[in-house]
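Subject: Structure handover

Hi,

Here is the structure I promised to pass on to you. Have a look at it first, and then read on for what turned up when I went through it.

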Amino acid sequence: RLLDVDVVYEPPGSFETEAYKDFEAICSKQHIRRVTTKAGDVLEWGNELFVQALHPEKPLTGKEYSDVNNLSIVLLIRYGKVQMLFAGDIEEDSEREVMKYGESIKSQVLKVPHHGSDTSDYFRFLQMVSPEVGVIMVGANNAFKHPSPRTLTNYGRIGTKLYRTDRQGNIRLFVGGRDAKDYRFEQDQR
C-alpha cells in the first residue's frame, strides 16, 4: 500500500550515495517537503504531542560513523503521560550519544533500533530507556537474520515485552495518555 507523504524529516548534511540521490529525486518529483532535523529540535506536531529530536547533533557527511545507520534521527515523543522513543537504525555508537540525555529517555515504548540487530543492543542504553514494550520492525526470513538472539535475550533481561512485525504483521499503537499505562497495541496475526 502506498502512502501519501507530505514531509520528510532528515538529518543535517548531504551524502554522495546513489540511494541518497534517488531519495532527493523522489522528493523533488513528488513535491515532498524536506525538513532538516537535528538534536534539540522540537517538532510542531500539534498542541497535545511533544516531539523532540535527540540525534544527530550536527551536519553529517556519512564518514563520522563506521555505519550509515548511526545517522538515523532519534525522536522522543510524549502524549500525555506516555513517552515513546523512536530510535531508527542507530547502533551502539549513537546509542551511547543518546544516553547523554540521562533519565529523560526512559520510555514506556521503544521502537527497537536497527531491526533488533546485535549492533544495536548496548545493554546500558536498554537499561536507561527501560521500555515496558519494544517494537521490532523486521521482515520475515530477512537476509540479515534480524533480530539477533542476543538482542532478544537482553530485552528479556530487562522485562520488555516485544512485538515483532515478522511474526505479528502490522502493529498499531493507540495512546490515550491519561496515565503512564494508557496505551495499547493491536496486531495482525501471521
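Let me start with a turn: strand 5 and strand 6 form a hairpin with two residues between the strands, and Gly80 in that hairpin takes a positive phi near 60 degrees. Please keep in mind throughout that this is a predicted model.

**The sheet**

The hairpin belongs to an open sheet of seven strands, in the order 3-4-5-6-7-8-9 and with mixed pairing. At its edges are strand 3 and strand 9 (161–164), each of which pairs on one side only.

Going inwards from strand 3, you will find two bridges to strand 4, and these two strands run antiparallel. Val42 is opposite Gln52 of strand 4. Strand 4 then pairs with strand 5 (residues 74–79) through six bridges, in the antiparallel sense; here Val74 in strand 5 is the bridge partner of His55. Strand 5 is in turn joined to strand 6 (residues 82–86) by five bridges, with the two strands antiparallel, and Leu75 stands opposite Phe86 of strand 6.

**Around His55**

His55 is worth a second look. Besides its bridge to Val74, the His55 side chain makes a polar contact with the side chain of Glu97, at 3.4 Å. How far apart are Glu97 and His55 in sequence and in space? They are 42 residues apart along the sequence and 7.9 Å apart from C-alpha to C-alpha. Glu97 is placed in helix 2 (residues 92–98), and it counts as partly exposed because its relative accessibility is 32%.

The next peptide bond also deserves a check: from His55 to Pro56 it is cis, with omega near -5 degrees. Pro56 belongs to the loop between strand 4 and strand 5. A second cis bond runs from His146 to Pro147, again with omega near -5 degrees, and Pro147 lies in the loop between strand 8 (133–136) and helix 4 (149–157).

**Positive phi outside glycine**

Most residues other than glycine have a negative phi, and most peptide bonds are trans. His31 is not a glycine, yet its phi is positive, at about 55 degrees. His31 comes just after helix 1, in the loop between helix 1 and strand 2 (33–36). Is His31 buried or exposed? His31 counts as exposed, because its relative accessibility is 71%.

Ser130 also has a positive phi, near 50 degrees. You will find Ser130 in the loop between helix 3 and strand 8; with a relative accessible area of 28%, Ser130 is partly exposed.

**Helix 1**

Helix 1 covers residues 18–30, 13 residues in total, and reaches 18 Å from its first C-alpha to its last, close to the 18 Å expected at 1.5 Å a residue.

**Aromatic rings**

The count of aromatic pairs comes to four. One of them is Tyr9 with Trp45, a tilted pair at 5.7 Å centre to centre and 55 degrees between the planes. This pair links distant parts of the chain, 36 residues apart: Tyr9 is in strand 1 (residues 7–10), while Trp45 is in the loop between strand 3 (42–43) and strand 4 (49–55). Tyr9 is partly exposed at 31% relative accessible area, and Trp45 is partly exposed at 34%.

Tyr20 and Phe23 have ring centres 5.6 Å apart and planes at 40 degrees, so this pair is tilted. Tyr20 and Phe23 are three residues apart in helix 1, so about one helical turn separates them. Tyr20 is buried, because its relative accessible area of 11% is under 20%, whereas Phe23 counts as partly exposed at 25%.

Tyr163, Tyr183 and Phe185 form one aromatic cluster. There are charges over rings too: Arg96 lies over the face of Tyr122, 4.0 Å from the ring centre, and the charged end of Arg184 sits over the ring of Phe174, 4.4 Å from its centre.

**The nonpolar core**

The largest nonpolar core has 20 residues, and those touching the most other members are Leu54, Leu85, Val98, Ile105 and Phe125. Strand 5 and helix 3 (123–129) each supply at least two residues of this core. Which element gives the most to this core? Helix 3 does, with five residues.

Happy browsing, and best wishes!

Notes
Residues are numbered from 1 along each chain as its sequence is written. This is a predicted model: local features need pLDDT of at least 70, side-chain atom pairs count only at pLDDT 80 or more; totals for chains, interfaces and linings use all residues. Side-chain values use heavy atoms; hydrogens and water are left out. Helices (H or I, at least four residues) and strands (E, at least two) are DSSP runs, numbered from the N terminus. The expected span of a helix is 1.5 Å times one less than its number of residues. Buried means under 20% relative accessible area, exposed over 50%, partly exposed in between (1.4 Å probe, protein chains only). A polar contact is a pair of N or O atoms within 3.5 Å; within protein, one must be able to donate a hydrogen and the other to accept it, and residues adjacent in sequence count only if both atoms are side-chain atoms. Rings of Phe, Tyr and Trp (its six-membered ring) pair if their centres lie within 6.5 Å; planes under 30 degrees apart count as stacked, over 60 as edge-to-face and the rest as tilted. A charge sits over a ring if NZ of Lys or CZ of Arg is within 6 Å of the ring centre and within 35 degrees of the ring normal. Two strands pair if DSSP finds at least two bridges between them. A nonpolar core is a set of buried Ala, Val, Leu, Ile, Met, Phe, Trp, Tyr and Cys residues joined through side-chain atoms within 4.5 Å.
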